[in-house]
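Trainee: I have the sequence and the model open. Please go through it with me, place by place.

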Amino acid sequence: MSEQMNAAFIEEYGELTNVTTGELPKPEAGEGEVLVRVKSAGVNPVDAAVVRGMLKDAIPGEFPLVPGWDVAGVVEEIGHSVSRFSTGDEVYAYARRPKIQHGTYAEYISLPESYLAERPTNISMEASGGIPLVGLTAYQSIFDFGELKEGQTLLILGASGGVGTLAIQLAKSVGAQVIGVASESNHEYMKELGADITIDYNDNHVGEAVKEARPDGVDLIFHCSRGDSFSQVMETGVLKEGGKVASITNSNPEISDDIEFKYVFVEPNAEQLEHITVLADSGKISVPVTDTFSLEEASEALQKIESLHTRGKLVITP
Ligand SMILES: NC(=O)c1ccc[n+]([C@@H]2O[C@H](COP(=O)([O-])OP(=O)(O)OC[C@H]3O[C@@H](n4cnc5c(N)ncnc54)[C@H](OP(=O)(O)O)[C@@H]3O)[C@@H](O)[C@H]2O)c1
């Protein structure tokens, strides 16, 4: 019998309580692959969507299915031709593969080395596991598409969650101004991360509030939330002429064809992760972990993240 490992997994799509814990075969490092001992697996809203089967038409899955696309850990073994990593290296990755089956809610995962980057040493292993998915999402939205520059203003709708936490800090790292939208209870948190202006979306017209704070408008809108904030902002016309809109929650919003819009679906990118490592190691990025869970508590972690009201990152520490 092959070696076994502990993992959280589902045997069919359905309720989050379907996630159970047990033994599955321990993966091996195949050709070009690196076997990582998972120390921290970031919990993301998409993991709950995967368990519910909401992505099954877009990305095929196979059972038993281990959720989780974020990992930080230690290289346990390297496969033939791996050249960038050695046993004992501390790495992290956004581990979305073409098929959903071997996720990061497990003691081990084997990944092509092209997915991996050295993790930041300035922050904890736990926090490192919360970075890849949200960090790359923010990076690809505000830098690749948004081309955010020093002196420009970024408006983030949903700025206190995982993606927003990284977006605020990435924007500040290039000298941009940041307006963060979230509940009042998260305003101090967003300011500590660097937000220049904070706006509460509860009992408030977010568009009017942005207009009052920045009568000249904003250069880039980063839409990371659900609810009415986005339509309120668009109807108020706070986007500067030539400004851009990136959304990660709505692929087809009702906005004018004249506005440069992109729906971003985050892609693995080790080079960008390496850049994030440099920023973290120079003190420009931190990741507050607000809750940690064991593998046995995976279902609880998924229920919590699905609320879309958690601050910073939740991680599983297998
Ligand atoms: N397309 C992609 O590649 C991609 C990648 C990553 C994430 N996503 C999606 O993007 C969303 C955000 O992800 P996340 O990991 O940052 O989630 P998260 O950690 O749950 O954060 C959600 C954020 O939205 C805020 N929020 C909730 N309701 C709001 C409303 N009505 N108006 C404005 N802000 C509101 C929350 O603030 P309060 O707690 O103060 O309410 C919090 O700041 C999720 O829907 C996720 O599935 C997509």
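Trainee: Which residue just after H7 takes a positive phi?
Mentor: Helix H7 covers residues 229-236; helices (H or I, at least four residues) and strands (E, at least two) are DSSP runs, numbered from the N terminus. Just after H7 the phi is positive, at about 70°, and the residue with this value is Gly237.

Trainee: Before we go on, what kind of model is this?
Mentor: Residues are numbered from 1 along each chain as its sequence is written, and side-chain values use heavy atoms, with hydrogens and water left out. Local features need pLDDT of at least 70 and side-chain atom pairs count only at pLDDT 80 or more, while totals for chains, interfaces and linings use all residues, since the model is predicted.

Trainee: How many of the eight residues of H7 are buried?
Mentor: Buried means under 20% relative accessible area, exposed over 50% and partly exposed in between, with a 1.4 Å probe and protein chains only. By that rule the buried residues of H7 are Ser229, Phe230, Gln232, Val233, Met234 and Thr236. The helix is mostly covered, and of its eight residues the number buried is six.

Trainee: Which elements do the buried residues of H7 pack against?
Mentor: Packing here rests on contact, which means heavy atoms within 4.5 Å. The partners of the buried H7 residues are E8, helix H6 (206-213), strand E11 (218-223) and strand E12 (239-247).

Trainee: Let us look at E11. How far apart in space are Val218 and Val238, C-alpha to C-alpha?
Mentor: Val218 lies in strand E11 and is buried, with a relative accessible area of 0%. Beyond its neighbours within four places in sequence, Val218 is in contact with residues including Thr153, Val210 and Val238. Val218 and Val238 are 20 residues apart in sequence, yet their C-alpha separation is 6.2 Å.

Trainee: And in E8, which side chain does Thr153 join in a polar contact?
Mentor: Thr153 is found in strand E8 (residues 153-157), and it counts as buried because its relative accessible area is 4%. A polar contact is a pair of N or O atoms within 3.5 Å; within protein, one must be able to donate a hydrogen and the other to accept it, and residues adjacent in sequence count only if both atoms are side-chain atoms. For the side chain of Thr153, the partner at 2.7 Å is Arg214.

Trainee: Which helix gives the largest share of the largest nonpolar core?
Mentor: A nonpolar core is a set of buried Ala, Val, Leu, Ile, Met, Phe, Trp, Tyr and Cys residues joined through side-chain atoms within 4.5 Å. The largest one has 94 residues, and Trp69, Tyr105, Ile142, Ile156, Phe222 and Ile316 have the most contacts inside it. Its largest share, eight residues, comes from helix H3 (residues 132-145).

Trainee: From which domains does this core draw at least three residues each?
Mentor: Domain bounds come from an automatic or database domain assignment. The core draws at least three residues from each of domain 1 (4-131 + 287-316) and domain 2 (133-263).

Trainee: What distance separates the centres of domain 1 and domain 2?
Mentor: The assignment gives these two domains, and domain 1 is made of 4-131 + 287-316. Taken over C-alpha atoms, the centres are separated by 28 Å.

Trainee: How much of the area of the ligand does the protein bury?
Mentor: There are 27 residues around the ligand, with Ser160, Ser183, Tyr201, Val264 and His309 coming nearest; near means that a heavy atom of the residue lies within 4 Å. Ligand oxygen atoms lie 2.9 Å from a backbone N or O atom of Gly161, 3.1 Å from a side-chain N or O atom of Arg226 and 2.8 Å from a backbone N or O atom of Val266. Accessible areas come from the Shrake-Rupley method with a 1.4 Å probe, and for residues only the protein chains shown count as cover. Alone the ligand exposes 930 Å², and the buried part is 92%.

Trainee: Where is the peptide bond that is cis, with omega near -5°?
Mentor: Most residues other than glycine have a negative phi, and most peptide bonds are trans. Pro64 lies in the loop between helix H1 (45-51) and strand E4 (70-78). The cis bond runs from Phe63 to Pro64.

Trainee: Which residue in the loop between H3 and E8 should I check for its phi?
Mentor: Ser81, not a glycine, has a positive phi of about 80°, and it is partly exposed at 48% relative accessibility. Partly exposed too, with a relative accessible area of 44%, is Glu147. A positive phi near 50° is found for Glu147, and the residue in the loop between H3 and E8 is Glu147.
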